[in-house]
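Got a minute to look at some beta sheets? Here is a quick briefing on how the strands in this structure are laid out.

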Amino acid sequence: MQASALIFCNALVILLILSSCTLVHSDDEVHVSIMNRLGSGKNLTLHCQSKDTDLGQQNVGDGSEFGWDFAVNVWGSTLFYCDMGWEEVQQYHFDAYYFQRDFARCESQCSWLVSAEGIYGLNGQTGFWEFAYYWSS
């Protein structure tokens, strides 16, 4: 094989590999909000964090919400998880943002609604609230 043909083949292989990679821009901002809709004046205790960022414990009043902004990492492995509780449910753990699940579902705005039945997530593609988690008895 001639040197020019070999260089062309190598360049083609590199181009194919690069075109199949999906890179996440680290400046892609996401806003997550968690709304307390428990009703009857019930407060929600919430503690959310990622591997690198601890948002601290929050006391979210009935009808209020807690939210934060962040940039997804370039590897597409960003995860924020929360522990929550109130008088009926002492502790519940859920993933508030998981890149593999949420990059298409909610892109830049991920909204969660905590109700007496469970947790609903807003699907940004359809505009509908979808039941996501229920309280185990």
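What follows is a short tour of the sheets and their strand pairings.

Keep in mind that this is a predicted model. It has an open sheet of four strands and an open sheet of five strands. As a reminder, strands of a sheet pair through backbone hydrogen bonds, either parallel or antiparallel.

**The four-strand sheet**

- Reading across, the strands come in the order S3-S2-S5-S6, and the pairing is antiparallel.
- Strand S3 (54-60) and strand S6 (92-98) sit at the edges with a single partner strand each, so one side of each has no neighbour in the sheet.
- From one strand to the next, the twist averages 20°.
- Strand S2 (residues 44-49) pairs with strand S5 (residues 79-85) over five bridges, in the antiparallel sense.
- Want a spot to zoom in on? Leucine 46 has methionine 84 in S5 as its bridge partner.

**The five-strand sheet**

- Here the order is S4-S1-S7-S8-S9, and the pairing is mixed.
- Strand S4 (65-71) and strand S9 (129-134) are the edge strands, and each pairs on one side only.
- In this sheet, the twist from one strand to the next averages 20°.
- Strand S7 (residues 109-115) and strand S8 (residues 118-122) run antiparallel and are joined by three bridges.
- Which residue in S8 stands opposite leucine 113? That would be tyrosine 120.

Technical notes: Residues are numbered from 1 along each chain as its sequence is written. This is a predicted model: local features need pLDDT of at least 70, side-chain atom pairs count only at pLDDT 80 or more; totals for chains, interfaces and linings use all residues. Side-chain values use heavy atoms; hydrogens and water are left out. Two strands pair if DSSP finds at least two bridges between them. Helices (H or I, at least four residues) and strands (E, at least two) are DSSP runs, numbered from the N terminus. Axes are lines fitted to C-alpha atoms, for helices over the stretch in contact, and angles run from 0 to 180 degrees between N-to-C directions.
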